[in-house]
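Dear colleague,

Please find below the structure that I am handing over to you. My findings follow directly after it, and I would be grateful if you read them with the model open.

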Amino acid sequence: MSRIAPETLAAHGGSGVTEPYRDIVQPIHLATTFERAEDGSYPGGRVYSRDQSPAYDCSEKLLAELEGGAQALLFASGMAAATAVLQALKPGDRILAPRSTYWAWRNWLRDFTTQWGIELALYANSDLADLERQLNAAPTQLLWIETPANPTWEITDIAAAAALAKAAGAKVVVDSTVATPVFTRPIELGADIVLHSATKYLNGHSDVVAGALITRATDDFWLRIRKARNLGGAVLGPFEAWLLQRGLRTLFLRVRTAAANAEKVALFLAGHPAVVEVLYPGLPGNPGYAVAAQQMQGGFGAMLSVRIAGGESGSRAVAGKLKLFRQATSLGAVESLVEHRASVEGAGTLVPDDLLRLSIGIESAEDLIADWQQALA
Ligand code: PLP
């Protein structure tokens, strides 16, 4: 048989049938410990579930396949996955991170890198000249990319940035939470490690907090990350792992539908007089459009932000009037969400106070647009 398409791999959830009942759906593996044989060996290949639970096998195999990587690891959250990468660095190492990035990650970098003896430098997300300047300012071990970046959805050219990082001897991590493997495969573009908050599109139903890393190679850096999970213990519960596998089966359907809806909502909002600006890389006038059109295959993602006339009070009033969009944090699920981002991030936020972040779901695009029409009226 020719190469199996990613849609098919996802629909099968990374699993075959299991003995003895030939289950089509994987059972939930709850055991935390596994029996030795008479000679002291482990015939099942497992010792303790903090090291490697059978509950992760299918999703890890599937994610490695979807991203074109050598191996994947599930974590207790996206943040646990991100911090495991940082734990693989050594004191004195330097990380270059984007200015616009998921705010909790920016806060973590600001609050923990110094005390761990890691130097932090920042670059402007879509400015390759700035990135190159910062890379060459001092020996750098890790380049962090988030594209599209939450909540401005700025685009970084992964292939170009990875080439610069490679020349400078830095490893490249791409937070691809928003793009998902449906639209972007960062390893093919030169990334060493791909990160997902699996809480978002991979699971897709607002009922699991999880993270994932996928690696190009099982090198020493990856083994240190594995060790950070095994010894640090930021592991996912078996039921959450099972739900994640279930969510992954519909990944392509959900993400493509949500992104098609997002394009329609973005176009509608861009033409509305009460809207100051729409931040969405799928709009031809967006500064990231050309790179996104090349780097993202088949869609621009389902996240956008909109700045509303009337400042903070104007935007919060509109958020309150929306009926189908739920006012809540997080993103990447089947239902549409709206959030006044600056008030969640609090003091020190870089987000304009008139900005609403929209996570577009899989509802009818006409219903979503009608909801905005009545809220902006
Ligand atoms: N990366 C991005 C782009 C995110 O939006 C988030 C959470 O919103 C994370 C990472 C962190 O993921 P988690 O909330 O699963 O820890």
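In helix H5, Arg133, Asn136 and Ala137 are exposed. They lie on the other side of the helix from its buried residues, which are Asp130, Leu131 and Leu135. Please note that this is a predicted model. H5 covers residues 128–137. Seen down the axis of H5, the buried residues fall within an arc of 135 degrees, so they line one face of the helix. The partners against which these buried residues pack are strand S2 (94–98), strand S3 (119–123), strand S4 and helix H6 (158–167).

A second helix with a buried set is H9, which spans residues 238–248. Its buried residues are Ala241, Trp242, Leu243, Leu244, Gln245, Gly247 and Leu248. They pack against helix H1 (6–11), helix H2 (57–67), strand S1 (71–75) and helix H10 (251–270).

Two residues of helix H8 may be read together. Helix H8 comprises residues 220–232, and both Asn230 and Ala228 lie in it. Why does Asn230 count as buried? The relative accessibility of Asn230 is 17%, and buried means under 20%. The same cut-off applies to Ala228, which counts as buried because its relative accessibility is 15%. Leaving aside neighbours within four places in sequence, Asn230 is in contact with Arg50 and Asp51. Ala228, with residues up to four places away in sequence not counted, touches Ala84, Gln87 and Gly233. In addition, the C-alpha atom of Ala228 is separated by 13 Å from that of Met79, although the two residues are 149 residues apart along the chain.

I turn now to a sheet. Five strands form an open sheet with mixed pairing, and their order is S8-S9-S12-S11-S10. Which strands stand at the edges? They are strand S8 (275–279) and strand S10 (326–327); each has a single partner strand, so one side of each is left without a neighbour in the sheet. Strand S11 (residues 337–340) pairs with strand S12 (residues 355–359) in the antiparallel sense, over four bridges. Within this part of the sheet, Glu339 has Arg357 of S12 as its bridge partner.

Finally, there are the pockets. The largest pocket holds about 360 Å³ of space. Its lining is made up of 26 residues, and those nearest its centre are Tyr102, Asn150, Thr177, Ser197 and Lys200. Two or more lining residues come from each of helix H3 (78–87), helix H4 (103–112), strand S4 (142–146), strand S6 (193–197) and helix H13 (341–345). Of these elements, H3 gives the largest share, three residues. Sorted by class, the lining of the largest pocket has twelve nonpolar, nine polar and five charged residues.

The second largest pocket has a volume of about 190 Å³. Here the lining consists of 13 residues, with Thr152, Leu279, Asn286, Pro287 and Gly288 nearest the centre. By class, six of the lining residues of this second pocket are nonpolar, five are polar and two are charged.

Yours sincerely

How values were computed:
Residues are numbered from 1 along each chain as its sequence is written. This is a predicted model: local features need pLDDT of at least 70, side-chain atom pairs count only at pLDDT 80 or more; totals for chains, interfaces and linings use all residues. Side-chain values use heavy atoms; hydrogens and water are left out. On a 1 Å grid over the protein atoms alone, a cavity is a set of points where a 1.4 Å probe fits but cannot get out, and a pocket is an open set with protein on both sides within 12 Å along at least five of seven lines; lining residues have an atom within 4 Å of a point. Grid points are joined across faces, edges and corners, and a volume is the space filled by probe spheres set on the points. Ala, Val, Leu, Ile, Met, Phe, Trp, Tyr, Cys and Pro count as nonpolar, Asp, Glu, Lys and Arg as charged, and the others, Gly among them, as polar. Two strands pair if DSSP finds at least two bridges between them. Buried means under 20% relative accessible area, exposed over 50%, partly exposed in between (1.4 Å probe, protein chains only). Contact means heavy atoms within 4.5 Å. The arc is that of the directions from the helix axis to the C-beta atoms.
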